[in-house]
Every structure is written in structure tokens, then in C-alpha cells.
Amino acid sequence: MIPRPSRRNRGARALIEPAPTADPASLTAQVGRHLAWLAARGIAATTVATRGRDLARFVAWCEERGITGPGDLTRLALDLFQRAVSHHEKPDGTTISLKTQRLKLQAVCSFCKWLARERLVLYNPAAELELPKVGRSLPRTVLTVDEAERVLAVPNTATPLGLRDRAILEVFYSTGIRRSELMRLAVADVDHRRGLLAVRQGKGSKDRFVPIGERALAWLGKYLD
């Protein structure tokens with residue numbers, strides 16, 4: 001029996017439940033089971049949703065080539081899929097980045113590993129798949145102090161929404177937290193006395209504390225007031 005997903009994972013329910021009419025032995029049905037397994041392990045709903053989209057595209061690619069069940073997956077098929085991903089074009093005609101390619105292939109590798117774990121295939125067909133190597137690089141452009149100040153000053157702080165937006169920008173600028181992490185912040189997560197921000201269930205579903213500057217705290221205080 002699959003445990004019920006946590007509240008923060010229920011948003012991905014439409015992606016983790018296969019259609020009732022789906023063949024229970026099909027790749028589509030197994031993707032649904034795999035996503036439910038991920039959600040039950042506490043994987044973030046946004047991650048489950050992204051995996052679901054990537055695997056839906058993978059399954060569609062497979063079905064176009066007559067690959068309909070887990071047993072039809074082979075190393076050759078995955079090599080061909082990897083080649084297709086590497087040539088995938090964005091709306092502007094450019095190919096997707098190596099980082100995006102790697103993320104899409106990681107979803108497929110995780111799915112194949114799960115298929116082997118569940119003994120739905122004799123071996124993991126993606127075991128020897130070589131993922132694109134992604135180097136770490138610095139941002140192409142970095143705002144100067146004056147440019148950053150002009151961005152922070154854009155919201156109209158004479159209105160409640162403007163105060164909110166200024167507080168959001170100041171928190172981003174001061175802490176460097178992610179957008180999804182800021183969206184989940186609660187008033188109790190801000191420690192004004194010690195200058196700390198509690199980030200709950202951040203990247204990797206881990207909690208952490210990050211320092212927050214006095215100016216960001218001041219703008220937060222103005223918004224809350």
C-alpha cells in the first residue's frame with residue numbers, strides 16, 4: 001500500500017495518478033506508480049511535477065517507436081532518446097542547454113533504476129548511460145551596487161503591494177534564498193533579534209538558517225506593520 005502523500009505533495013496528484021483506463025503493465029501506468037513512490041518519500045511536489053512532465057515526454061517518444069512496456073526498454077533505445085534530447089530545440093530555434101538535457105535524462109535514469117528495483121525489468125537499461133557533463137560557471141553579468149539599488153527602488157512603497165514587493169526584493173538580495181523558499185516563509189521564520197531566517201524544507205527537503213541583513217529586516221517590519 002502506497003502511503004498518502006504529504007500535504008505539500010498533493011499538488012502533484014494529477015501527475016502521480018495514472019488514468020483508470022491505462023494498461024497496468026504499460027509505461028504510462030508505471031510512471032504513475034513511480035511518481036507516487038517519489039511523493040511518498042517526501043520529494044518536493046515541484047520536483048515530482050517536473051519529473052512527471054519529463055517522463056510523459058519520454059513515454060510519448062517511446063510509444064511512437066512501439067516501446068509500450070518496461071520490458072521493451074533497451075540500452076539502444078535510451079541511447080537514441082539521449083540523442084533526440086540533445087537535438088531538441090527551444091521555440092527560438094536554439095538547442096536546450098547541457099544542464100537541461102542532464103535533468104531530463106536524470107528523470108529517465110531514476111525511472112529505469114526504479115523499474116529494476118521493482119523487478120519490472122531484468123536489468124537497469126540506463127545503468128551505463130553517460131549523462132552530459134555540466135561545468136560550473138559564473139553569471140555572465142553581475143549588477144553593480146547602483147544597478148541593484150535601482151532595481152530595489154522600483155516598487156511604489158506608498159502602497160501595501162509596493163511595500164510587499166520591496167520587502168520581497170530586499171529579502172532576496174540579502175539572503176539569496178530561492179523563490180519557492182520565499183513563498184513558504186512564515187512570520188515566525190524571521191528572527192529579528194539574531195538576524196536569522198529559518199528556511200523550512202528548502203533544497204533537498206532540508207531545513208537551514210541563513211543570515212538576513214538589517215535593511216531587509218527593516219523593510220519586512222514596514223510591510224508587516
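User: Let's start with the sheet in this predicted model. In which sense do strand 2 and strand 3 pair, and over how many bridges?

Analyst: Good place to begin! Strands of a sheet pair through backbone hydrogen bonds, either parallel or antiparallel. For strand 2 (residues 196-199) and strand 3 (208-211), the pairing is antiparallel, over 4 bridges.

User: Which residue of strand 3 is the bridge partner of Leu 196?

Analyst: Leu 196 belongs to strand 2, where it also stands opposite Asp 191. Looking across to strand 3, the bridge partner of Leu 196 is Pro 211.

User: And what is the bridge partner of Val 190 in strand 2?

Analyst: Here we turn to strand 1 (190-191), which pairs with strand 2 in the antiparallel sense over 2 bridges. These two strands form a hairpin with 4 residues between them, and Gly 195 in the turn has a positive phi of about 70°. The partner of Val 190 in strand 2 is Leu 197.

User: Which strands stand at the edges of the sheet, and why is one side of each left without a neighbour?

Analyst: The sheet is open, with 3 strands in the order 1-2-3. Each edge strand has a single partner strand, so one of its sides has no neighbour in the sheet. The edge strands are strand 1 and strand 3.

User: Now the helices: are helix 7 and helix 9 roughly parallel or roughly antiparallel?

Analyst: Two packed helices are described by the angle between their axes and the distance between the axes. Helix 7 and helix 9 pack at about 155°, with axes 9 Å apart, and helix 7 passes helix 9 in a left-handed crossing. Angles over 145 degrees count as roughly antiparallel. The two helices are therefore roughly antiparallel.

User: Which helix gives the most to the lining of the second largest pocket?

Analyst: This pocket has a volume of about 300 Å³ and is lined by 15 residues, with Leu 182, Leu 185, Leu 220, Tyr 223 and Leu 224 nearest its centre. The lining divides into 13 nonpolar, 1 polar and 1 charged. Helix 7 (160-175), helix 8 (179-183) and helix 9 (214-224) each supply at least two lining residues. With 4 residues, the one that gives the most is helix 7.

Methods:
Residues numbered from 1 in each chain as written. Predicted model: local features only at pLDDT ≥ 70, side-chain atom pairs only at ≥ 80, totals over all residues. Heavy atoms only, no water. 1 Å grid on protein atoms, 1.4 Å probe; cavity = no way out; pocket = protein on both sides within 12 Å on 5 of 7 lines; lining within 4 Å. Points joined across faces, edges and corners; volume = space filled by probe spheres on them. Nonpolar A, V, L, I, M, F, W, Y, C, P; charged D, E, K, R; others polar. Pairing = 2+ DSSP bridges. Axes fitted to C-alpha atoms, helices over the stretch in contact; angles between N-to-C directions. Parallel < 35°, antiparallel > 145°, perpendicular 65-115°, else oblique. Left-handed = near helix turned anticlockwise from the far one by under 90°.
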